[in-house]
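Trainee: I should like to learn how the features of a structural model are read, one at a time. May we work through a case together?

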Amino acid sequence: MRKIIIAGNWKMYKTISEAIELANGLKRELSSLDYAAVDVVLCPPYTALSEVSEVLSGTEIKLGAQDVYWEDEGAFTGEVSCPMLKDAGCTYVIIGHSERRQFFSETNETVNKKLKAILKHGLIPIVCVGETLAERERNETFKVLENQVKKSLAEISQSDIVKVIIAYEPVWAIGTGRTATPAQAEETQKYIRDLLSAVYNKTISESIRIQYGGSVKPENTTELMKQPDVDGALVGGASLKILSFADIIKQAGKVSKG
Ligand code: PGA
């Protein structure tokens, strides 16, 4: 059984005081909810990580970063390493987000280096993949995903791959209000799982969690989470509002996977 995981990607939003306010609000809202069936992760910007970590201490809500560099330390101006993220209280790290691929030259090869560093340090990676609208319209979705999945996850052992979380985020659905239909999400995520089964084996592919991301909101959470190969959500915009993020967690908690 795969536990549903809902992660909030705050992107480049929230000053430190705003982040503390949002985290406190969520903590308050979730304290009256039974969300034991769901893993909840907040991914604020780097500057707010340690303060949000303090807010979350004593709760089941986990902290994640939005990116990382693969070296532990060195002359790499502007970068942040795995040991630094652990020190700030992180358990999870998002890598390969389409905004990083699009605007910051992230490639499958750099994602793979980051993934290896994350696993070496015992952090949990959330590896994002997804096709653009043009690629989907050219019927290249599966080809693009095969390339992203195989290259981003290259040379990862069987014992490590089961720790990896994959986030399928169609680029055309991110921040656009245009969500993939539950059937589209399921079809694509099943394809990813079959791919993992071919590279590893069925038992391993069945244990890997695959999130959906792209305009997830309370109104579409239940139907998405009900899909057999959708094991959670990576939420952008709706994770910046206390009530909508809490509602997404509530809806997800009601959908149990057998
Ligand atoms: P969105 O972002 O929910 O605002 O579409 C999702 C993401 O980029 O992870």
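The dialogue below takes up the ligand site, the rings, and then single residues.

Mentor: We begin with the conventions. This is a predicted model, in which local features need pLDDT of at least 70 and side-chain atom pairs count only at pLDDT 80 or more, while totals for chains, interfaces and linings use all residues. Residues are numbered from 1 along each chain as its sequence is written, and side-chain values use heavy atoms, with hydrogens and water left out.

Trainee: Which residues come nearest to the ligand?

Mentor: A residue is near a molecule if one of its heavy atoms lies within 4 Å of it. Here 13 residues surround the ligand, and Lys-11, His-97, Glu-169, Gly-175 and Ser-215 come nearest. The shell divides into four nonpolar, seven polar and two charged residues; Ala, Val, Leu, Ile, Met, Phe, Trp, Tyr, Cys and Pro count as nonpolar, Asp, Glu, Lys and Arg as charged, and the others, Gly among them, as polar.

Trainee: What polar contacts does the ligand make with Glu-169, and how are such contacts defined?

Mentor: A polar contact is a pair of N or O atoms within 3.5 Å; within protein, one must be able to donate a hydrogen and the other to accept it, and residues adjacent in sequence count only if both atoms are side-chain atoms. In the side chain of Glu-169, an N or O atom is 2.7 Å from an oxygen atom of the ligand. Backbone atoms take part as well: a polar one of Gly-175 is 2.6 Å from a ligand oxygen, and an N or O atom of Gly-237 lies 2.8 Å from a ligand oxygen. The ligand taken alone exposes 280 Å², of which the protein buries 95%; accessible areas come from the Shrake-Rupley method with a 1.4 Å probe, and for residues only the protein chains shown count as cover.

Trainee: How many aromatic pairs are there, and what is the rule?

Mentor: Rings of Phe, Tyr and Trp (its six-membered ring) pair if their centres lie within 6.5 Å; planes under 30 degrees apart count as stacked, over 60 as edge-to-face and the rest as tilted. The count is five aromatic pairs. Phe-103 and Phe-104 have ring centres 6.4 Å apart and planes at 85 degrees, so this pair is edge-to-face. Elsewhere, ring pairs join Tyr-69, Trp-70 and Phe-76 into a cluster.

Trainee: Are Phe-103 and Phe-104 buried or exposed?

Mentor: Buried means under 20% relative accessible area, exposed over 50%, and partly exposed in between (1.4 Å probe, protein chains only). Both Phe-103 and Phe-104 are exposed. Arg-100 lies over the face of Phe-104, 4.2 Å from the ring centre; a charge sits over a ring if NZ of Lys or CZ of Arg is within 6 Å of the ring centre and within 35 degrees of the ring normal.

Trainee: Where is Lys-14 found?

Mentor: Helices (H or I, at least four residues) and strands (E, at least two) are DSSP runs, numbered from the N terminus. Lys-14 is in the loop between strand 1 (4-9) and helix 1 (16-31). Its phi is near 85 degrees, a positive value in a residue other than glycine. Lys-14 counts as partly exposed because its relative accessibility is 29%.

Trainee: What does the side chain of Gln-211 reach?

Mentor: Gln-211, in strand 7 (residues 209-213), reaches the backbone oxygen of Ile-5 with its side chain at 3.0 Å. Gln-211 is buried, as its relative accessible area is 0%.
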